[in-house]
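This report goes through some features of one protein chain. Keep the sequence and the structure in view while reading.

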Amino acid sequence: MADVQIVDLGKAFDQITVLQNVSLQVADGEFLTLLGPSGCGKSTLLRILAGLEVQGSGSVSIGGRVVDGVRAKHRNVAMVFQSYALYPHMTVAQNMALPLRMRRLTALQRLPVVGALLPETRRIGAEIAVEVTQTAGALGIAHLLDRKPAQLSGGQRQRVAVGRAMVRHPTVFLMDEPLSNLDAKLRVQMRAEIKELHRRLGVTFIYVTHDQAEAMTLSDRVAVMLEGELLQVAPPQQIYADPAERRVAEFVGSPKINMLEGVVREQGLVDVADSALAIDVEGEAGAAVMLGIRPEAFYVADRAGPGALTGTVRLVEHMGSDLYVHLDMRGVVEAVIARLLAERAPHIAIGQVVNLGVRPDRVLLFASDGSRIRPRRPTLAATASVTPIGEYVQ
Ligand SMILES: Nc1ncnc2c1ncn2[C@@H]1O[C@H](COP(=O)(O)OP(=O)(O)OP(=O)(O)O)[C@@H](O)[C@H]1O
Ligand SMILES: [Mg+2]
């Protein structure tokens, strides 16, 4: 059992707070991803878990044991670093064997000449070699064991770094952006391999990335982090569809969620841009709200008027099956982006005026402080005088 309990962790460097009140429970065997922009404190948190950095406050337990003050090598966790941190003068085999040599051989036994003469050194060395060969085989790098890191491709180096972590049979894997140095195609391939590795090993993975596609595809749960704070911890789909607050909604999703200012006209009706949408919001008339509308929540409507937003096309991006259509709307500062099925909107062109229907149950509402306003009912029927607008069909 190696669940990880993080309680109220804090950390500052030179009086600058880097982590604050971070609490998180990671279940045994779970794949949890820390997702956040550069500099938000992801690596710092991971290094504290590994025992490479000491927290300012709070506590960490691994497998039911408080590990504050326990040295890195006694925590039974392994870390794959952002930079891989392979030793350039050592072969792949030597790099992979290193953690086992450090653990199983004494300082004397590790000496180059004298060590080899000592009893046990040879036997333990042979056992380590078997472990390294087996792990290299499992990762498809057995043919590279005699090479130096400089003679490897990025993907091969990444596998060696994973292999060096694996040989120790850790109960927790910590991975700090292990794919960030790879090109896009290789990243997708290695992503699948890491998922498979997790499935095969069945141990706890805590994975750090700023890449939301990685976080969404790999994880059982995602912890969204910003400026040293955890904003939301939930399964990927929930992070996307049911964000706890505006900052989460804006960080996750590509193209970014559209944020439109709205004013409640009456219960069940919100004025937005030039139009009004039927949204089941409890609020006094005149209250300001923010409407978060994901690009795919729009469709081309058959007419203008309440229930649809009207905009002028500024830019069309062809993405294959989809179009990203950027529109100017009256009363909206930033361009609104709609993601439309190409086959449903074949003739859209710059300068054209387009009516966009919005699926009301897909609109996320936020208060001016960024907190989420939940709908009164889980599914939103149009209750006001606005009938939902029909979809435009060619
Ligand atoms: N040893 C240190 N001394 C002083 N400041 C540090 C130290 N390590 C990290 N920091 C600062 O702490 C903040 C968080 O750094 P951290 O490396 O944890 O971010 P990160 O989320 O991993 O970013 P990235 O995605 O760029 O790797 C940054 O502002 C960084 O400059
Ligand atoms: Mg980092």
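Does His-169 count as buried or exposed? At 54% relative accessibility, His-169 counts as exposed, because the cut-off for that class is over 50%. The model discussed here is predicted.

**Backbone features**

His-169 is found in the loop between H5 and S7. His-169 is not a glycine, yet its phi is positive, at about 50 degrees. Asn-21, also not a glycine, has a positive phi of about 50 degrees. Asn-21 belongs to strand S2, residues 16-26, and counts as exposed at 59% relative accessibility. As background, most residues other than glycine have a negative phi, and most peptide bonds are trans.

One peptide bond to look at is the cis bond that joins Ser-254 and Pro-255, with an omega of about -5 degrees. Pro-255 lies in the loop between H9 and strand S11 (258-266).

**Helix H5**

Helix H5 (154-166) is made of 13 residues. From its first C-alpha to its last, H5 reaches 18 Å, close to the 18 Å expected at 1.5 Å a residue.

Why is H5 described as largely enclosed by the rest of the structure? Ten of its 13 residues are buried, so the rest of the structure encloses H5 to a large extent. The buried residues include Gly-155, Gln-158, Val-160 and Met-166. Two arginines, Arg-159 and Arg-164, are also among the buried residues of H5. The elements that the buried residues of H5 pack against are S6, H2, helix H4 (121-138), strand S7 (172-176) and helix H6 (184-201).

**The largest pocket**

The largest pocket has a volume of about 570 Å³. Its lining is made up of 17 residues. Nearest the centre of this pocket lie Lys-73, Phe-81, Pro-99, Met-102 and Arg-168.

Which elements each supply at least two residues of the lining? They are strand S6 (77-80), helix H2 (92-104) and helix H5 (154-166). H2 gives the most, with four residues. H5 thus appears twice in this account: its buried residues pack against S6 and H2, and H5 itself supplies at least two residues of the pocket lining. By residue type, the lining divides into 13 nonpolar, no polar and four charged.

**Salt bridges**

The count of salt bridges comes to 20. Three of them are set out in the table, with the N to O distance of each.

| Acidic residue | Basic residue | N to O distance |
|---|---|---|
| Glu-196 | Arg-199 | 3.1 Å |
| Asp-242 | Arg-372 | 2.6 Å |
| Asp-328 | Arg-314 | 2.6 Å |

Take the pair of Glu-196 and Arg-199 to begin with. These residues are three apart in helix H6, so about one helical turn separates them. An α-helix has 3.6 residues a turn, so residues three or four places apart point the same way. Glu-196 counts as partly exposed, at 34% relative accessibility, whereas Arg-199 counts as exposed, at 60%.

Next, the side chains of Asp-242 and Arg-372 meet in a salt bridge. Asp-242 is in the loop between helix H8 (236-241) and helix H9 (246-251), while Arg-372 is in strand S21 (residues 372-373), so the pair ties together parts that are 130 residues apart in sequence. Asp-242 is partly exposed, with a relative accessibility of 24%. Arg-372 has a relative accessible area of 15% and is buried, because the cut-off for buried is under 20%.

The third pair in the table is Asp-328 and Arg-314. This pair links distant parts of the chain, with Asp-328 in strand S17 (residues 322-328) and Arg-314 in strand S16 (residues 308-318), 14 residues apart. Both residues are partly exposed: Asp-328 has a relative accessible area of 33%, and Arg-314 has a relative accessibility of 43%.

Salt bridges can also join into a group. Arg-104, Glu-120, Arg-123 and Glu-127 are linked in a network of salt bridges.

**A distance across the chain**

How many Å apart in space are Gln-15 and Leu-356? The distance from C-alpha to C-alpha is 50 Å, and the two residues are 341 residues apart in sequence. Gln-15 sits in the loop between strand S1 (4-13) and S2, and at 82% relative accessibility Gln-15 counts as exposed.

Key. Residues are numbered from 1 along each chain as its sequence is written. Chains are lettered from A and ligands numbered from 1 in the order in which they are written. This is a predicted model: local features need pLDDT of at least 70, side-chain atom pairs count only at pLDDT 80 or more; totals for chains, interfaces and linings use all residues. Side-chain values use heavy atoms; hydrogens and water are left out. On a 1 Å grid over the protein atoms alone, a cavity is a set of points where a 1.4 Å probe fits but cannot get out, and a pocket is an open set with protein on both sides within 12 Å along at least five of seven lines; lining residues have an atom within 4 Å of a point. Grid points are joined across faces, edges and corners, and a volume is the space filled by probe spheres set on the points. Ala, Val, Leu, Ile, Met, Phe, Trp, Tyr, Cys and Pro count as nonpolar, Asp, Glu, Lys and Arg as charged, and the others, Gly among them, as polar. The expected span of a helix is 1.5 Å times one less than its number of residues. Buried means under 20% relative accessible area, exposed over 50%, partly exposed in between (1.4 Å probe, protein chains only). Contact means heavy atoms within 4.5 Å. A salt bridge is a side-chain nitrogen of Lys or Arg within 4 Å of a carboxyl oxygen of Asp or Glu.
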